[in-house]
Amino acid sequence: FCPPATTTTTTTGPDGTTGGAPWGPNPPAWVDDRTTERCMSRACDNSFDGIVERRHHCRLCGKVVCQNCSSRNAMLPPEWRIKEPQRVCNDCFRVVLPFQATWVKSNANAERENFLQDDDTTKYLNSPLRFTLGGEIRKAAYTIQ
């Protein structure tokens, strides 16, 4: 298996069961580019030349891999709080593939709880300088109340 985890994290699987996942609570440190001249994937031995064969880092395990061994993007564990799909090596992609549907759904805005923060400063200071969508929605909600 690819990710070098020192701890396990409880993760909900695609079937709704929970179990120890082979990755830690935070993204791994990347392997330094200068420490390898060859792809670190088990199934590859490409050497990096910087022009044709560039180095890429797997965001799940941190290893340096070639384009052929890291052509996939996948959602990362939700506890890492990375909202966009990231480049992962082929070995790690096979590991996280069963979790993708669950992680995509948990990251969707449609699944999030909406609430209004009911504090006096936000409620009565209807600042025109709010530039976030959430701020504009909050202003509209307080105007309707």
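**Notes on the predicted model**

1. The loop between β5 (72-74) and β6 (86-88) is where you will find R81. This is a predicted model, so read everything below in that light. The backbone at R81 has a positive phi of about 60°, although R81 is not a glycine. Is R81 buried or exposed? R81 is exposed, with a relative accessible area of 70%.

2. Next, the aromatic rings. How many aromatic pairs are there? The count comes to three aromatic pairs. One of them joins W23 and F99 edge-to-face, at 5.5 Å centre to centre and with 85° between the planes. W23 sits in the loop between β2 (18-21) and β3 (56-57), while F99 sits in the loop between α1 (90-96) and α2 (100-107), so this pair ties together parts that are 76 residues apart in sequence. Both partners, W23 and F99, are buried.

3. W23 also pairs with W103, again edge-to-face, with 5.5 Å from centre to centre and 75° between the planes. Here the partner of the loop residue W23 is in helix α2, so the W23 and W103 pair ties together parts that are 80 residues apart in sequence. W103 is buried, as is W23. Put the ring pairs together and you get a cluster of W23, F99 and W103.

4. On to helix α2 itself, the home of W103. Which residues of α2 are buried? They are Q100, W103 and N107. These buried residues cover an arc of only 70° around the axis, which puts them on the same side of α2. The spacing fits the usual helix geometry, where residues three or four places apart point the same way because there are 3.6 residues a turn. A101 and K105, on the other side of α2, are exposed.

5. Q100 deserves its own point. This residue belongs to helix α2, and its relative accessibility is 13%; the limit for buried is under 20%, so Q100 counts as buried. What does the side chain of Q100 reach at 3.2 Å? The answer is the backbone oxygen of V96. A polar atom of the Q100 side chain also lies 2.7 Å from the backbone nitrogen of M75. Leaving aside neighbours within four places in sequence, Q100 is in contact with A74 and M75.

6. Helix α4 (residues 133-144) is another one to look at. With 12 residues, α4 reaches 17 Å from its first C-alpha to its last, close to the 16 Å expected at 1.5 Å a residue. Its buried residues are G135, K139, A141 and Y142. They cover an arc of only 165° around the axis, which puts them on the same side of α4. Which exposed residues does the face turned away from that buried side carry? Here you meet L133, I137, T143 and I144.

7. Now the largest nonpolar core, with 22 residues; C39, C58, L60, V88 and C92 touch the most other members. Elements that each supply at least two residues of this core are β4 (64-65) and α1. The largest share, three residues, comes from α1. As background, nonpolar side chains tend to be buried together in soluble globular proteins. Not counting residues up to four places away in sequence, C39 touches C44, N46, F48, V64, V65, C66 and C69.

8. T36 lies in the loop between β2 and β3. Buried or exposed, then, for T36? T36 is buried, with a relative accessible area of 12%. A polar atom of its side chain is 2.7 Å from the backbone oxygen of R38. Setting aside neighbours within four places in sequence, T36 is in contact with F48, R55 and V64. F48 and V64 also turn up among the residues that C39 touches.

9. Last, D45, which is found in the loop between β2 and β3. Unlike the buried T36, D45 is exposed, with a relative accessible area of 53%. How far apart are D45 and V65 in space? From C-alpha to C-alpha they are 9.7 Å apart, with their positions 20 residues apart in sequence.

How values were computed: Residues are numbered from 1 along each chain as its sequence is written. Side-chain values use heavy atoms; hydrogens and water are left out. Helices (H or I, at least four residues) and strands (E, at least two) are DSSP runs, numbered from the N terminus. The expected span of a helix is 1.5 Å times one less than its number of residues. Buried means under 20% relative accessible area, exposed over 50%, partly exposed in between (1.4 Å probe, protein chains only). The arc is that of the directions from the helix axis to the C-beta atoms. Rings of Phe, Tyr and Trp (its six-membered ring) pair if their centres lie within 6.5 Å; planes under 30 degrees apart count as stacked, over 60 as edge-to-face and the rest as tilted. A polar contact is a pair of N or O atoms within 3.5 Å; within protein, one must be able to donate a hydrogen and the other to accept it, and residues adjacent in sequence count only if both atoms are side-chain atoms. Contact means heavy atoms within 4.5 Å. A nonpolar core is a set of buried Ala, Val, Leu, Ile, Met, Phe, Trp, Tyr and Cys residues joined through side-chain atoms within 4.5 Å.
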